[in-house]
Amino acid sequence: MRDYVMITVAMVTYCIGWNVFLLPNNITASGVPGVSSLLFWAMNIPVQTSYFIINAALLLVALKILGWKFCAKTIYAVLVLTALTTFARSNAGSLHLLADQPFMASLIGAIFCGSGVGMGLAFNGSTGGTDIVAAIVHKYRDISLGRVIMMCDIVIISSSYLVFHNFEQVIYGYVVLLVSAYCVDQVVNIRHSSVQFFIISDKYKEIASRIAVYPHRGATVIEAHGFYTGHDVKMLFIMAKRKESSTIFRIINEIDPKAFVTETNVIGVYGEGFDKFKVKPMKKNPHRISPEALMRL
């Protein structure tokens, strides 16, 4: 239920950026909304119609790869954004903010759109289109979502020149592309980022036992020696999600307020309870010396 609520908020955010700031100022959005915008400007096809049809085709392909769990929420997101866009075009079609400031319109619109896409991906959904392509690639390769979306959308943004024959509009489209990709990465990384703790306390057993129950994180006990005090100490090493750090600090404060604690951000954590490895299997090299042969040498 929380995922669906947050996906709804994400689609509202995206709808504002697309229909209030980008579309009225003839600035191309990224992904399928960008394609829908081009079709609207060139052929006067309603954006909500082309957006829904293109995404329906992409979702049929994604069902097999990403599964029903991802696609169900993506279908919900597509339906919500289609309904919101229909409402916005019917009731706010004449709304034209920042008409004389296209750069600010592209910047603010990109922030809204990128934040909406990132929020949707963080809660296991998406706005469809290139987000689906990005989710498929990210499932198998450790490539940032924003970078995949950027590569897919360069052609779409560049195609706006064929409609407007104006390089200035293309440049504004690239501004939207870069800013929205950055916002996607920031929102997703905040949601899935991890931290590591080093905890020195005489009550390390009690702290580790409480953390093992909730937030259900394991701890590694490291033998350490205090140089200043000359005492042997036990140090806990714990990996956790960023959202769990406040719970861990609360547990430590309840058990041993005088404990010595360090918290550090980590780039990636892989293994049980965290992310899976996203690497290609090593290709067999006929000229590579096997470990057994190397040992004999």
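**A tour of helices H4, H9 and H10 and of His 225**

Begin by selecting helix H4, residues 102–122, in this predicted model: its 21 residues reach 30 Å from the first C-alpha to the last, which is close to the 30 Å expected at 1.5 Å a residue. Then select Asn 124, which follows H4 and has a positive phi, near 65°.

Next, display helix H9 (residues 204–213) together with helix H10 (residues 245–255), whose axes lie 10 Å apart and which pack at an angle of about 145°. The crossing of these two helices, H9 and H10, is right-handed. To see the contact itself, show the side chains of Glu 206, Ile 207, Arg 210 and Ile 211 on H9, and those of Ile 248, Ile 251, Ile 252, Glu 254 and Ile 255 on H10. Coloured by character, the residues of this contact between H9 and H10 divide into six nonpolar and three charged, with no polar ones.

Now move to strand S2, residues 220–225, and select His 225, which is found in that strand. Is His 225 buried or exposed? His 225 has a relative accessible area of 52%, above the 50% cut-off, and therefore counts as exposed. With neighbours within four places in sequence left aside, His 225 is in contact with Gly 230, His 231, Asp 232 and Val 233. Of these contacts, the one with Asp 232 includes a polar contact of 2.8 Å that joins the side chains of His 225 and Asp 232. Finally, draw a distance between the C-alpha atoms of His 225 and Met 235, which are ten residues apart along the chain and separated by 9.5 Å.

Technical notes. Residues numbered from 1 in each chain as written. Predicted model: local features only at pLDDT ≥ 70, side-chain atom pairs only at ≥ 80, totals over all residues. Heavy atoms only, no water. Helix = DSSP H or I, 4+ residues; strand = E, 2+ residues; numbered from the N terminus. Buried < 20%, exposed > 50% of the residue type's maximum accessible area, 1.4 Å probe, protein only. Contact = heavy atoms within 4.5 Å. Polar contact = N/O pair within 3.5 Å; in protein donor to acceptor, adjacent residues only side chain to side chain. Expected span 1.5 Å × (residues − 1). Axes fitted to C-alpha atoms, helices over the stretch in contact; angles between N-to-C directions. Left-handed = near helix turned anticlockwise from the far one by under 90°. Nonpolar A, V, L, I, M, F, W, Y, C, P; charged D, E, K, R; others polar.
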